[in-house]
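Colleague: I am new to this model and would like a close look at a single part of it. Please take one helix and then say how it fits into the rest.

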Amino acid sequence: MAGRVAIVGVGQTHHTTRRNDVNMAEMVGEAVRAALADAQLSIKDIEAFIFSNMEAFEGVLLPDHGMVAEVGATGKPGFKVTGGGTTGSEAVGEGCHMISAGLYDITMVVSWQKHDCGDATAGISAAAVPTFAKGMVTGAVSEFAKQALSYMKESGAKEEHAAMVRLKADRGACRNPYSHLKLGLGSIDEVLQSPYLVWPIRLYDFCPQSCGACVIILASEKSAKKIHKKPVWVADFVVVHQEPFRAGSFGDPTGTETYSQHVACERLYKRNGITNVRKQVDLAEIYEPSTWEEMSLYEHFYFCEKNEGWKLIEKGVTDIEGDFPVNCSGGVIASNPIGATPVIRIAEAALQIRGDAGEHQATRDIKTAIATALGGPNWTAMFLLKRSL
Amino acid sequence: MAQRAGIVAVAQTKYHPNRADVNEAELAYEAIKQVLEETGLTLSDIDSVVTCCQDAWDGRTIASLNLQHVVGAHFGHEFTVAEDGINAAYVAMSQVLSGDHETVLVESHMKESQGEKSLIENAGFDAILMRQLGLDFTSAAALQARRYMDKYGITPEQCAKAVVRNHGNAKNNPFAQGPMDITVDDVLRSEMLVSPIRLLDTKPISDGACVMIVATEEKAKKLARKPVWMMGVSNCYETHYLGDRELADCDALVKAARKAYSMADINDPLRQIDVAEISTEYSYQEPLWMEGLGFCGRGEGGKLADSKSIEMGGQLPVNPSGGVLPGNPNGVAGMARVAEAVLQLRGEAGARQVKGAKVALAHGYTGICGQLQAVMILANV
């Protein structure tokens with residue numbers, strides 16, 4: 001990026017199933033105030049706003065327009081980005097672009113989903129091609145069941161490994177004050193007792209529908225150093241979409257797929273001289289809709305060799321105390337307010353780099369982190385964050 | 001800004017009341033094909049795509065799924081802006097100026113024919129206090145029109161003149177949907193929709209797409225016969241609740257314009273701007289927005305509408321294309337204004353050309369009573 005951009009403030013709500021106590025704007029306001037407090041800024045300091053939300057889930061047209069006053073965007077520039085699961089990353093990316101273009105000095109990314117106002121599975125089903133696929137789609141669960149089957153067959157991973165992913169996530173979630181599902185799971189057997197949604201995906205293998213918001217404040221190099229003692233630098237980011245008319249977007253039954261993750265890594269790693277991710281990057285916050293997909297993503301992001309993702313879990317490499325911690329926050333299977341989910345990944349990675357993650361701070365010192373997003377028919381976004389450039 | 005962002009090519013479909021013959025991607029591709037042919041680029045030369053569409057109107061979650069294959073987003077970088085398309089052009093400009101992208105394709109489409117306008121718009125109001133009132137954008141606009149007309153003594157005749165002039169200008173625009181031979185009396189006698197807004201005070205349902213390519217200064221000079229430069233841009237939100245707003249004064253537009261003007265070194269818009277393309281879905285908006293844009297003082301929009309200075313051949317021709325009233329889809333309308341401004345600055349606007357235009361203004365808005373206002377200043381030198 002031409003201009004250097006840093007994260008100078010993050011704020012989240014406590015993610016949960018229902019927020020009957022607040023409307024959408026009030027819920028988002030909580031995260032806005034938390035981020036301002038973190039940055040020690042006033043709303044007057046924010047020059048432009050980028051909103052991230054998938055309006056189909058709540059059934060609100062132009063949802064950003066309804067919360068302008070609560071957010072503090074009245075009389076300020078801004079707009080909403082929309083684009084499925086990766087929406088939040090794109091909003092943060094645009095927040096960076098606005099700064100590195102020299103148009104603004106300080107921008108705020110406002111992201112949320114309030115799933116108690118709608119139904120995510122119905123919303124996701126409405127993403128199918130209207131003319132011939134609408135009746136065939138049952139939301140995200142069935143897509144990730146295909147992925148899990150394909151992964152199971154090819155890699156040799158067992159259901160026990162998926163259960164281990166859940167246990168790892170739950171340990172993180174129980175330490176994270178903001179996470180939604182804190183199940184307190186004690187054993188693999190406990191996970192394996194949860195019912196199947198779509199075989200082989202069990203209830204505990206899959207992400208919830210959460211209500212929650214996350215806000216990130218971005219600043220130019222000049223301002224960032226004045227605002228925060230520990231700015232976290234956005235070293236680079238990449239967004240890779242693809243056309244949806246393909247078989248096996250998530251799984252790979254033919255063994256001939258090009259994955260958007262591979263394209264994203266090729267671009268991001270190459271530009272940043274990364275040849276060995278686990279040596280050169282300290283931690284990852286990844287967007288994993290299911291336990292099975294987490295193991296698969298380890299491979300797609302080159303954290304390990306093909307078909308060895310489950311071995312990382314088995315060996316505890318990606319545990320909070322491990323060599324290469326992944327999703328110390330509990331990840332997406334613990335909290336999933338979709339429009340905010342990618343933003344939470346970036347915010348959590350930034351907290352880890354600052355050493356401010358509290359109870360769920362990784363054991364090893366985190367200087368560099370990757371935060372990813374997944375959406376649509378396997379779209380990928382990746383952010384590379386650093387303590388110093 | 002060290003660099004400038006340039007518009008290399010623009011294309012629009014002909015706006016039409018019902019394009020049942022094409023889906024969104026096919027509609028968009030009609031325009032995409034033209035910008036690719038004009039520039040000699042292929043989709044693989046595009047390194048970022050900014051689409052502009054809304055899930056509610058497309059009837060599809062992640063509306064840009066419709067488009068990935070026609071915009072060149074396969075394994076590419078794509079953002080969707082869910083506001084009027086002029087904001088997508090703004091995003092493209094930021095991407096180019098950031099140094100991250102060299103060639104950005106901007107696409108905006110809308111098929112209003114396949115949605116239930118009133119129902120969709122009602123979902124744009126606060127769910128607890130306003131939605132139950134049955135408001136849609138037209139009934140809200142009527143409140144704004146009434147307040148504006150009462151506060152400043154703007155007359156229905158002055159608003160009707162805007163309709164007649166826009167329809168007249170549209171006769172010179174091959175992309176225009178439905179230019180009509182109408183008189184002020186025809187407008188004033190047309191069916192009352194929501195007082196004081198009559199049928200001819202509004203635009204018809206419309207389908208269409210608009211596409212452009214934005215590039216770095218260096219690249220634009222290579223790709224375009226006549227690059228047009230984005231000199232200043234800004235947008236600005238009003239607050240949501242109608243009761244919290246002074247509907248007769250468009251403060252957000254004033255702010256957006258001020259910022260765009262300062263970026264482009266404009267301090268006397270009426271003199272320094274040669275042609276303006278502004279978005280008005282309702283006739284009262286033309287005088288109101290002209291006040292917001294600083295073409296006249298507060299409350300003087302009606303007088304300006306009466307004068308000849310905004311006609312073709314006047315001091316500042318407004319909407320040589322005919323603007324939005326003869327038929328433009330919402331969401332595309334503001335981006336179409338940018339496209340029209342580009343044609344003017346390239347001297348390629350045909351019968352609607354403003355001679356020697358060097359600096360143009362494009363305006364777009366999104367939402368209830370123009371809640372999000374956007375202004376862009378373009379120049380050919």
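Which residues are buried in α4(B)?

Modeller: Some conventions come first: this is a predicted model, in which local features need pLDDT of at least 70 and side-chain atom pairs count only at pLDDT 80 or more, while totals for chains, interfaces and linings use all residues. Residues are numbered from 1 along each chain as its sequence is written, with chains lettered from A and ligands numbered from 1 in the order in which they are written.

In α4(B), the buried residues are I86(B), N87(B), A88(B), A89(B), Y90(B), V91(B), A92(B), M93(B), S94(B), Q95(B), V96(B) and L97(B). A residue is buried if 20 or more other C-beta atoms lie within 10 Å of its own, exposed if 12 or fewer, and partly exposed in between, with C-beta atoms placed from the backbone. By that count twelve of the twelve residues of α4(B) are buried, and the helix is mostly covered.

Helix α4 of chain B runs over residues 86-97, and from its first C-alpha to its last it reaches 17 Å, close to the 16 Å expected at 1.5 Å a residue. The expected span is 1.5 Å times one less than the number of residues. Helices (H or I, at least four residues) and strands (E, at least two) are DSSP runs, numbered from the N terminus. Just after α4(B), G99(B) has a positive phi of about 85 degrees.

The helix also takes part in the contact between the chains. That contact involves 52 residues from chain B and 49 residues from chain A, where two residues are in contact if their C-beta atoms, placed from the backbone, lie within 7 Å. On the side of chain B that touches chain A, α4(B) gives the most, with five residues.

One residue of the helix stands out in the packing. A89(B) is among those that touch the most other members of the largest nonpolar core, which has 268 residues; I216(A), V214(B), M376(B) and L378(B) are the others. A nonpolar core is a set of buried Ala, Val, Leu, Ile, Met, Phe, Trp, Tyr and Cys residues joined through C-beta atoms within 7 Å. Leaving out residues up to four places away in sequence, I216(A) touches I7(A), V10(A), A35(A), V92(A), V109(A), V343(A), I346(A) and A347(A).

As for the partner, chain A has 15 helices and eleven strands. Of its 389 residues, 61% count as buried.
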